[in-house]
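Subject: Structure handover and notes

Dear colleague,

I am passing on the structure below, followed by an account of what was found in it. Please read the notes with the coordinates open beside them.

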Amino acid sequence: MLERIEKNIEKVILGKDREIRNILKGMLAGGHILIEDIPGIGKTTLVKALAKSVDLTYSRIQFTPDLLPSDITGVSIYNQKTMNFEYRKGPIFANVVLADEINRTSPKTQSALLEVMEENQVSEGNSTYALDRPFFVMATQNPIEYEGTFNLPEAQLDRFMIRIRIGYPSHDDEIRILMNFREENPLEALESVATKEDILKLQDDTKHVRVSDEIYDYIVRITSETRTNRLFTLGASPRASLALMKIGQASALISGRDYVIPEDIKENASMVLSHRVQTSAYARSQGTGSLEAIKLSLAMVDPPKIGR
């Protein structure tokens, strides 16, 4: 099933097998995903292709400076006939929510996502409204444009299970993109190959992937290293440890295993941790960014030597 979903998305997004697989890992782990890259790479198209491939409800929120929290979560409107307030749900009530250019709106509006991303619910007045499962926020932002943008605070960055980048296509893949999009958009003809129930079953299977004591220890040693290494002024939180475990389980399931191995943790650590840490002045003086700092700190932690 996962292979069908992956190949279906590849009809639209060419030459990005690894990036598609990473997004599927986030989906299986039940986490939210931050896609950070320059305009025109296909961030929005990738999210749309995923939503269509698995037959999930989809909504897109274009984040702008004048966007209000109620434009995301919804608002209560007074009904003169019933003389009661009625809650009108906002676009956040969907299975897949594309938060496009999330860093273009004010911190007040960004904070409207904090509760919903952590607890899958929206509080309005004295009422609480649960969201249907599965629920994913897939946010995009441009890392090189700062005019009219607001940096996401650490509390919100920590809500994203992984951060990925798509990158430019290869020469041959870009030629294929031109050919595929010459007459029509292949996204319009994309059909679903899985149902909501299929995704919920895969998420449940992911939770049951076995994690050994050695792997638990390995995860905590990795996150602890970021808290003591002089390359960082802000280390990874316990939420990061949980995210790393869940991504490891998803990685194992995609690889056809029902148990996590050290490679499942090590190969995914950068996309789980890089947006959750802050590099120190020392690291920046060495020209070391967060991704490089994570790789250097990983090298300081010996993986356990375990079998099945």
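This is a predicted model, in which local features need pLDDT of at least 70 and side-chain atom pairs count only at pLDDT 80 or more, while totals for chains, interfaces and linings use all residues. Residues are numbered from 1 along each chain as its sequence is written, and side-chain values use heavy atoms, with hydrogens and water left out.

I begin with F85. This residue is exposed, at a relative accessible area of 60%, where exposed stands for over 50% relative accessible area, buried for under 20% and partly exposed for what lies in between, with a 1.4 Å probe and protein chains only. F85 is found in strand β4, residues 84-89; strands here are DSSP runs of E with at least two residues, helices are runs of H or I with at least four, and both are numbered from the N terminus. Together with Y78 and M83, F85 makes a nonpolar surface patch of about 390 Å². Such patches are made of residues with over 30% relative accessible area and no salt bridge, nonpolar side chains (Val, Leu, Ile, Met, Phe, Trp, Tyr) being joined within 5 Å and like charges within 9 Å; the areas come from the Shrake-Rupley method with a 1.4 Å probe, and for residues only the protein chains shown count as cover.

Next comes the sheet. Five strands form an open sheet in the order β2-β5-β8-β1-β9, with parallel pairing, two strands being counted as paired if DSSP finds at least two bridges between them. Its edge strands, each pairing on one side only, are β2 (58-62) and β9 (160-164). From one strand to the next the twist averages 20°, with axes taken as lines fitted to C-alpha atoms (for helices, over the stretch in contact) and angles running from 0 to 180 degrees between N-to-C directions. At one edge, β2 runs parallel to strand β5 (residues 96-100), and five bridges join the two; I61 has A99 in β5 as its bridge partner. I61 also belongs, with S59, to the covered face of β2, whereas Y58, R60 and Q62 make up the uncovered one. At the other edge, β9 pairs in the parallel sense with strand β1 (residues 32-36) over four bridges, and L34 has R163 in β9 as its bridge partner.

Apart from these parallel pairs, strand β6 (residues 121-124) and strand β7 (residues 127-130) pair in the antiparallel sense over four bridges, with V122 and Y129 as bridge partners. The two strands form a hairpin with two residues between them, and G125 in the turn has a positive phi of about 65°.

Helix α2 (residues 17-28) has twelve residues, which at 1.5 Å a residue should span 16 Å, and its end C-alpha atoms are 16 Å apart, in agreement; the expected span is 1.5 Å times one less than the number of residues. The helix is mostly covered, with nine of its twelve residues buried, among them I20, I23, L24 and K25. G30, which follows α2, has a positive phi, near 75°.

The last topic is the salt bridges, of which the structure holds 16, each being a side-chain nitrogen of Lys or Arg within 4 Å of a carboxyl oxygen of Asp or Glu. What does K25 in α2 meet? Its side chain forms a salt bridge with E267 (3.8 Å, N to O). Because E267 lies in the loop between α12 (262-266) and α13 (269-273) and K25 in helix α2, the pair ties together parts that are 242 residues apart in sequence. E267 is partly exposed at 47% relative accessibility, whereas K25 is buried at 6%.

A second salt bridge joins E36 and R165, with the closest N and O atoms 2.8 Å apart; E36 in strand β1 and R165 in the loop between β9 and α8 (171-180) are 129 residues apart. E36 is buried, at 7% relative accessibility, and R165 is partly exposed, at 41%.

A third is formed by E118 and R239, whose closest N and O atoms are 3.5 Å apart. E118 lies in helix α6 (residues 112-119) and R239 in helix α11 (residues 238-254), so this pair ties together parts that are 121 residues apart in sequence. Salt bridges that share partners join E118, D158, R159, R239 and R276 into one network.

With best regards
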